[in-house]
Amino acid sequence: MILQRIFALVLLAACIALAVMAVPYQAAFSYEPVGPRAYPLLMLGLMGLALLYLAFRPTPIVRGDDEPELDRETLNKIGICVALLLVFAATFESLGFILSSILIGVPMARLYGGRWLSGGLIVAVMSIALYVLFDRVMDVPLPLGLLDVLEN
C-alpha cells in the first residue's frame, strides 16, 4: 500500500504542476464561451481529488483469477506499446495521421496476436475511416503529411 501512496503523491504533484501551467493559458480564439483551459483544469482537479483520496485511503491490491500475471512478458508488451505510442506522437505531423496510424497499428496488432494480412488490412481501413470521420465529418483537422498531394 505504500507504493500506492507514493504513486498517488507523485502523480498529484504532476497534476499540480500541469494546473499551474494551464491557469495562465490564453488562446487567441475560442470556440466555447468558457475558453480552452476549463476542460484541462476540470480534469486535473477531479484527478487531483481522486489522487488525494488514494493517498490517504489506499486499497489493498487483490488480483482476480481472470487477470493476467504482471510478469516479464506483460511488462515487455506494455513497454513496447508505450514506445509505439511515442513513435506515433513523433511521426504524427511529418507522416500524417493515416501513415503514422498504419505504421503503429500493424506492429500493435502483431504484438497482440494478429496476423500480418488481416491486421494490416484492418489497420489501414480503420486509419482511413478515422481520418474521414474526424477531418471531413467532425471538422477536426488532421495532418495528411506525405499524403498531402492527395488533397484537392
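**Exercise 1. Find how many disulfides a search of the whole structure gives.**

Start with the criterion: two cysteine sulfur atoms within 2.5 Å make a disulfide. Searching the whole structure on that basis gives 0 disulfides. Now look at two of the cysteines, taking buried as under 20% relative accessible area (1.4 Å probe, protein chains only). Cys15 is buried at 4%, and Cys81 also counts as buried, at 13% relative accessibility.

A note before going on: this is a predicted model, where local features need pLDDT of at least 70 and side-chain atom pairs pLDDT 80 or more, while totals for chains, interfaces and linings use all residues. Residues are numbered from 1 along each chain as its sequence is written, and side-chain values use heavy atoms, without hydrogens and water.

**Exercise 2. Work out which residues form the largest nonpolar core.**

Take buried Ala, Val, Leu, Ile, Met, Phe, Trp, Tyr and Cys residues and join them through side-chain atoms within 4.5 Å. The largest set has 6 residues: Ala8, Leu12, Cys15, Leu44, Leu51 and Ala55. Next, place them on helices, which are DSSP runs (H or I, at least four residues) numbered from the N terminus. Both α1 (2-22) and α2 (38-56) supply at least two residues of this core.

Then zoom in on Ala8, with contact meaning heavy atoms within 4.5 Å. Setting aside neighbours within four places in sequence, Ala8 touches Leu51, Leu54 and Ala55. Finally, another core of 5 residues lies apart from the largest one, and includes Phe97, Tyr131, Leu142 and Leu144.

How values were computed. Buried < 20%, exposed > 50% of the residue type's maximum accessible area, 1.4 Å probe, protein only.
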